Amino acid sequence: MPHRARSAPVRSGRKWRLRYFLLGFLFLLLGYYSIDYYWREKRWRWIIVHHTAGDRGNMEYYRELHQKERGWPDIAYHFLINNGSYNTMPGQIEVSDTWQNRSHHYSTKKTSLNYFGIAVALVGNFSRYPIPGLQKEALVELLARLALDHGVAVENIIGHREVWTTECPGSRVDMQEIRNLVRERLGQDRSL
Ligand SMILES: [Zn+2]
């Protein structure tokens, strides 16, 4: 009689320990993946628009330039919208490894914007000429897509010069107009 009374709880105790262990492990795994997902996809609060200020180049060109001249590990931007130079198509969007890894970038002097902002750059100098049609269309499409996917408010889509003393993304870019175009695009969002 005392034999059975003693042995039964030991067996079930072991079973419960295993269950708690597995449950704990599952929670840890779930926690890890939720935090990882949140950090990668939902930490973004701003989208910052830049121009490269140079007339020619593509992702490879600017990656090399930023690595050699600035000493950064990769290109300073997450996305680049090409203008047709260097064997690209006007309006063609290139995605950098900085974005693939969801790394912070180096496109502004503000740490919070670099860690919690998505950096989009247009190839060209828009203080000297306006954004060509195909590049502008691609920009609006990309901004709408990113705002929707990552929960960024349209008023948080900002031009570099709105947060720093610079002409970037060019004195001929009207950021209010860009934000309105994105709002319009999001309004007809069926195909996004
Ligand atoms: Zn800039």
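From the N terminus on, the elements run α-β-α-β-β-α-α-β-α-β-α, which amounts to six helices and five strands. Helices (H or I, at least four residues) and strands (E, at least two) are DSSP runs, numbered from the N terminus. The model is predicted: local features need pLDDT of at least 70, side-chain atom pairs count only at pLDDT 80 or more, and totals for chains, interfaces and linings use all residues. Residues are numbered from 1 along each chain as its sequence is written.

The radius of gyration is 24 Å, well over the 16 Å that the globule rule gives for 192 residues, so the protein is more spread out than a compact globule. This radius is taken over C-alpha atoms, and the rule is 2.2 Å times the number of residues to the power 0.38. Along the principal axes, the C-alpha atoms fill a box of roughly 95 × 40 × 30 Å.

Buried residues make up 32% of the 192 residues. A residue is buried if 20 or more other C-beta atoms lie within 10 Å of its own, exposed if 12 or fewer, and partly exposed in between, with C-beta atoms placed from the backbone.

The largest nonpolar core (buried Ala, Val, Leu, Ile, Met, Phe, Trp, Tyr and Cys residues joined through C-beta atoms within 7 Å) has 35 residues, of which Ile-47, Val-120 and Leu-143 touch the most other members. Each element below supplies at least two residues of this core.

| Element | Residues |
|---|---|
| Strand S1 | 46-51 |
| Helix H2 | 59-70 |
| Strand S2 | 79-83 |
| Strand S4 | 117-122 |
| Helix H5 | 133-150 |
| Helix H6 | 175-187 |

H5 gives the largest share, eight residues.
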